[in-house]
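This report describes the fold of one protein chain, moving from its overall make-up to selected helices, a hairpin and several loop residues. The sequence and the model are shown first.

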Amino acid sequence: MYTATSSLNILGKEQFELKLSFVLISLLLLVILGWPLYSILGQSFFTDEGSFTLMNYAEAFSKKSFYTALGHSLTVSGCVAFFATIIAFFAAYGLNFCAFRPRTRSLIQIVLLLPLFLPSITYGFAVIYSFGRQGLVTQIFGRLPFSIYGFNGLLIAGVIYTLPPAFMIMNNAFAYVDRNFITVSKVMGDSPLRTFYQTALRPVLGSAAAAFILSFFLIFTDFGIPTSIAGRYEVIATQLYAVMMGAIPDFHNGSVIAMVMLLPSILSVIILRQCERLNFRYNKLSKTPPAPQILRDYSFAAFYLLLTLLLLSVFAIIFIVPFVQSWPYQPVFTLDTIKRVFAENDITGTYLNSLYVAVLTAVLGTALCYLAGMVNARSHLAPWCRTLMDVFAMVTNTVPGMVLGVGFLFAFTGSPITNTFAILVLANIVHFFTTPYLMAQQAFSRMNAGFETTGALMGDTWSETLRRVVIPNTFSTILQMLSYFFVNAMVTISAIVFLAGARTQVMTSKIKELQYFEKFDAIFTLSLLIFLTNCAVKLLLDFWAESRARRLKAQQD
């Protein structure tokens with residue numbers, strides 16, 4: 001029989017294990033996050049001889065090309081964020097305020113989120129092959145009145161790239177808007193415009209600002225899209241790559257550019273904190289479905305149809321090129337292109353490398369974020385310990401992938417993990433740490449606070465309580481975390497473009513290499529393979545979660 005003393009001993013052991021987890025997580029994040037950032041800072045302020053200097057900044061800021069690239073990045077990012085936020089707002093508004101069937105809503109969401117399963121570097125090539133001189137859309141409707149390269153191409157590809165995350169933010173915000181206020185506003189005699197502002201726009205202003213800032217940050221720091229379609233329209237990301245990977249690398253100048261890229265990230269976090277004050281909080285939400293309105297519903301149906309056609313017009317080419325003889329000159333169905341691509345470019349080995357890195361990133365990253373979330377939400381450690389976990393999450397969320405890659409290059413060159421899969425996995429984990437960590441934290445916060453105490457009183461060790469109670473109650477969240485890490489590890493290029501070598505080449509770095517040889521059939525074949533792999537893994541994990549949920553519900557009934 002267990003006494004109160006024995007249960008307290010078990011709880012004390014639990015806290016020891018959580019303390020050990022906290023120490024190990026903190027040390028790991030300090031090494032793979034703190035050390036790379038410190039290395040960039042050192043490179044920007046010190047000479048090769050180790051003396052402090054401001055000449056690195058003076059030299060970088062004296063170049064006209066630096067201001068040109070920075071101005072281009074700010075212009076493109078602002079325009080992309082504006083259009084992506086507007087489209088995302090109305091896309092989310094229609095799903096939540098129109099009387100669509102559940103299956104229609106699900107289909108629309110799937111279409112809007114499909115770009116997430118493709119690497120950003122593919123977007124530029126897809127836009128070229130769709131709207132370029134020999135593009136699919138061009139052949140159907142004629143040439144566009146403007147060039148697709150430079151600003152125009154960056155704008156189109158950037159909106160496609162940032163639309164899914166902006167839509168997710170807006171759709172989540174509208175899910176917490178009470179539709180009954182529309183009726184109240186109409187009863188009070190408000191005009192349609194005022195009703196729209198008071199019941200739809202005003203409650204989600206904070207989320208709209210967050211969607212804008214996120215879209216701005218994503219496109220400002222992205223390397224994949226500019227490297228494929230920017231042409232001579234140089235932006236800050238391509239300038240950083242050129243400085244770091246040119247014929248004569250300039251690490252000091254590169255570190256200065258990396259530090260400049262950090263500034264919008266830091267400002268983004270500060271502004272996002274302020275934007276939270278704009279959001280409304282309802283005491284009780286109405287679950288009443290929207291009332292049908294023919295004009296409104298059909299107008300939004302036409303909007304979704306147009307949006308779907310635009311997205312498909314861009315990405316359809318990815319599903320066409322691998323299955324024709326030679327696009328656009330011999331558009332005859334054949335599997336010879338796929339066979340040739342796999343035979344000539346060692347795609348199989350590269351694909352297995354990507355799978356290996358993605359699986360390791362998913363498993364190890366999920367374990368790390370899960371423990372970090374547990375330290376924050378389920379431990380009785382000092383408040384500063386939990387705050388430190390939040391600080392790590394905030395910092396990782398602000399560091400652009402390219403800056404992180406540069407930091408890893410400076411920090412770990414010559415170390416045992418150089419040119420290994422380990423450095424790619426670590427870079428991916430720290431790059432995508434924030435969202436899975438928040439998933440775990442929220443899941444633990446919703447759990448019964450007495451699970452661990454009950455387990456201790458019943459004689460279970462901490463590990464047994466974790467295995468029998470905690471993990472089963474957060475299993476769906478674990479699967480979501482695995483999915484998030486896996487998909488992002490498959491499509492990322494910004495964080496690993498400086499780190500992948502010949503032996504550790506992954507699919508996205510291979511696409512970057514194939515660009516130089518203009519092997520676009522191989523590029524689209526790899527992109528299609530990445531897309532199908534991500535879809536398969538996502539569907540498998542979702543099916544696993546749904547099957548388990550149905551099984552648990554059947555047992556309870």
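Among contacts in the protein chain between residues at least 6 apart in sequence, 81% join residues at least 24 apart. The model is a predicted one. Its secondary structure comes to 25 helices and two strands, and buried residues make up 52% of the 557 residues in the chain.

**Two bent helices**

Helix 14 covers residues 294–320. At 1.5 Å a residue, its 27 residues should span 39 Å, and the 37 Å between its end C-alpha atoms agrees with that expectation. Helix 14 nevertheless bends by about 40° at V314. V314 is also one of the buried residues of this helix, a set that further includes R296, D297, F300, Y304, L307 and L311. S313, F315, I317 and I318 belong to the buried set of helix 14 as well.

Helix 7, formed by residues 151–174, has 24 residues. From its first C-alpha to its last it reaches 32 Å, close to the 34 Å expected at 1.5 Å a residue. A kink of about 40° lies at L163 in helix 7, shortly before the proline P164. This helix is mostly covered, with 17 of its 24 residues buried.

**Packing of helix 5 against helix 14**

Helix 5 (residues 120–131) packs on helix 14 at an angle of about 100°, and the two axes are 8 Å apart. Because angles of 65 to 115 degrees count as roughly perpendicular, helix 5 is roughly perpendicular to helix 14. On the helix 5 side, the contact is made by T122, Y123, A126, V127, Y129, S130 and F131. Helix 14 contributes S313, V314, F315, I317 and I318. These five residues of helix 14 thus take part in the contact and are listed among its buried residues; V314 additionally marks the bend.

**The hairpin and the loop after helix 5**

Strand 1 (residues 324–326) and strand 2 (residues 330–333) pair in the antiparallel sense over two bridges. Together the strands form a hairpin with three residues between them. S326 stands opposite Q330 in strand 2.

Which residues does Q134 touch, not counting residues up to four places away in sequence? Its partners are Q139, W327, P328 and Y329. Q134 itself lies in the loop between helix 5 and helix 6 (136–141). Q134 and P328 are 194 residues apart in sequence, yet their C-alpha atoms are 6.8 Å apart in space.

**Loop residues and their accessibility**

Most residues other than glycine have a negative phi. N419 has a positive phi of about 60° although it is not a glycine. Phi of E518 is likewise positive, near 55°, in a residue other than glycine. N419 lies in the loop between helix 18 (401–412) and helix 19 (421–431), whereas E518 is found in the loop between helix 24 (507–516) and helix 25 (520–556).

The table gives the relative accessibility of these two residues and of Q134.

| Residue | Relative accessibility | Class |
|---|---|---|
| Q134 | 43% | partly exposed |
| N419 | 45% | partly exposed |
| E518 | 60% | exposed |

Since the class of exposed residues begins over 50%, E518 at 60% counts as exposed, while N419 at 45% is partly exposed.

Key. Residues are numbered from 1 along each chain as its sequence is written. This is a predicted model: local features need pLDDT of at least 70, side-chain atom pairs count only at pLDDT 80 or more; totals for chains, interfaces and linings use all residues. Side-chain values use heavy atoms; hydrogens and water are left out. Two strands pair if DSSP finds at least two bridges between them. Helices (H or I, at least four residues) and strands (E, at least two) are DSSP runs, numbered from the N terminus. The expected span of a helix is 1.5 Å times one less than its number of residues. The bend at a residue is the angle between axes fitted to the seven residues ending there and the seven starting there. Buried means under 20% relative accessible area, exposed over 50%, partly exposed in between (1.4 Å probe, protein chains only). Axes are lines fitted to C-alpha atoms, for helices over the stretch in contact, and angles run from 0 to 180 degrees between N-to-C directions. Angles under 35 degrees count as roughly parallel, over 145 as roughly antiparallel, 65 to 115 as roughly perpendicular and the rest as oblique. Contact means heavy atoms within 4.5 Å.
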